[in-house]
Amino acid sequence: MTTEEADLFNLYFQKNTAYYQDKLAKYKQGKKYTFNVFAFLFGLFWFIYRKMYLEAFAFIIFVVATSFLEEIIAIATNENSNLFVSVITTFSIAIITGFFGNNLYLQKAIKTITYAKTGLPDEAQIKKYIKQKGGVSYLFLIVLALAIIFFFIYNNEF
């Protein structure tokens with residue numbers, strides 16, 4: 001990777017650049033799936049923090065679908081093992097997110113940088129676009145946290 005390309009990726013990553021440069025090097029060497037502890041622990045919040053909004057939406061759809069599947073299993077088995085199934089499902093989703101998080105993030109970074117280099121006319125616009133699309137977002141993270149708190153208060157489950 002050239003110095004110019006590394007600088008563009010650093011501009012995209014903005015936070016934890018050394019970590020993501022290491023993961024990018026492994027990705028380019030063929031090790032596509034590396035574990036991300038923060039994606040494992042925080043799932044949806046990590047996607048939002050890293051501006052991966054489409055992936056966050058897909059994550060929500062996946063979690064909702066597995067919740068419906070849990071209910072179907074609980075009804076079909078007619079057992080009180082719903083808590084066990086829920087814990088196993090939640091842990092499985094967290095592991096999947098931990099292993100796929102870096103891959104999805106790096107794919108998005110590569111796609112964004114490739115688009116910027118081929119679709120924008122000059123270096124200033126390329127850097128501006130990459131910086132805007134990359135980095136992290138606290139605003140949407142706060143909005144999500146407030147929405148969850150509001151949901152629990154509204155449903156009297158807080």
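Q: Why is Tyr49 called buried?
A: The relative accessible area of Tyr49 is 19%, and the label buried applies under 20%, exposed over 50% and partly exposed in between, with a 1.4 Å probe and protein chains only. The value of 19% therefore puts Tyr49 among the buried residues.

Q: What makes Tyr138 partly exposed?
A: Tyr138 has a relative accessible area of 46%, a value that lies between the two cut-offs, and so the intermediate label applies.

Q: What kind of model do these values come from?
A: The model is predicted, so local features need pLDDT of at least 70 and side-chain atom pairs count only at pLDDT 80 or more, while totals for chains, interfaces and linings use all residues. Residues are numbered from 1 along each chain as its sequence is written, and side-chain values use heavy atoms, with hydrogens and water left out.

Q: How many aromatic pairs does a search of the whole structure find, and why is the pair of Phe13 and Tyr20 called tilted?
A: The search of the whole structure gives 20 aromatic pairs. For Phe13 and Tyr20, the ring centres are 5.4 Å apart and the planes stand at 35°. Rings of Phe, Tyr and Trp (its six-membered ring) pair if their centres lie within 6.5 Å, with planes under 30 degrees apart counted as stacked, over 60 as edge-to-face and the rest as tilted. The two rings therefore pair, and their angle of 35° makes the pair tilted.

Q: Why is the pair of Tyr49 and Tyr138 called edge-to-face, and what does this pair tie together?
A: Here the centres are 5.7 Å apart and the planes at 70°, so the pair is edge-to-face. Because Tyr49 lies in helix H4 and Tyr138 in the loop between H7 and helix H8 (139–154), the pair ties together parts that are 89 residues apart in sequence; the helices named here are DSSP runs (H or I, at least four residues), numbered from the N terminus, and strands would be E runs of at least two.

Q: What makes the set around Tyr12 and Phe13 a nonpolar core, and which members touch the most others?
A: A nonpolar core consists of buried Ala, Val, Leu, Ile, Met, Phe, Trp, Tyr and Cys residues joined through side-chain atoms within 4.5 Å. In the largest one, which has 24 residues, the members touching the most others are Tyr12, Phe13, Trp46, Tyr105 and Ile130. At least two residues come from each of helix H1 (3–13), helix H2 (17–28), helix H4 (44–49), helix H5 (53–77), helix H6 (82–119) and helix H7 (123–133), and H6 gives the largest share, six residues. Phe13 meets the requirement of burial, because its relative accessibility is 0%.

Q: Why does Asn103 count as buried, and what does its side chain reach?
A: Asn103, which lies in helix H6, has a relative accessibility of 3% and so counts as buried. Its side chain reaches the backbone oxygen of Lys32 at 3.1 Å.

Q: How do you know that the charged end of Lys32 sits over the ring of Tyr27?
A: This label asks for NZ of Lys or CZ of Arg within 6 Å of the ring centre and within 35 degrees of the ring normal. The charged end of Lys32 is placed over the ring of Tyr27, 4.1 Å from its centre, a distance that falls within the first cut-off.

Q: What makes Lys28 and Glu5 a salt bridge?
A: The closest N and O atoms are 3.6 Å apart, and a salt bridge needs a side-chain nitrogen of Lys or Arg within 4 Å of a carboxyl oxygen of Asp or Glu, so the pair qualifies. This pair links distant parts of the chain, with Lys28 in helix H2 and Glu5 in helix H1, 23 residues apart.

Q: Why are Glu123 and Lys127 separated by about one helical turn?
A: The two residues are four apart in helix H7, which means a separation of about one helical turn. Their side chains meet in a salt bridge at 3.0 Å, N to O. Glu123 is exposed, because its relative accessible area is 53%, whereas Lys127 is partly exposed at 38%.

Q: What is noted about phi of Gln14?
A: Gln14, in the loop between H1 and H2, has phi near 60°, a positive value in a residue other than glycine. Most residues other than glycine have a negative phi.

Notes: Polar contact = N/O pair within 3.5 Å; in protein donor to acceptor, adjacent residues only side chain to side chain.
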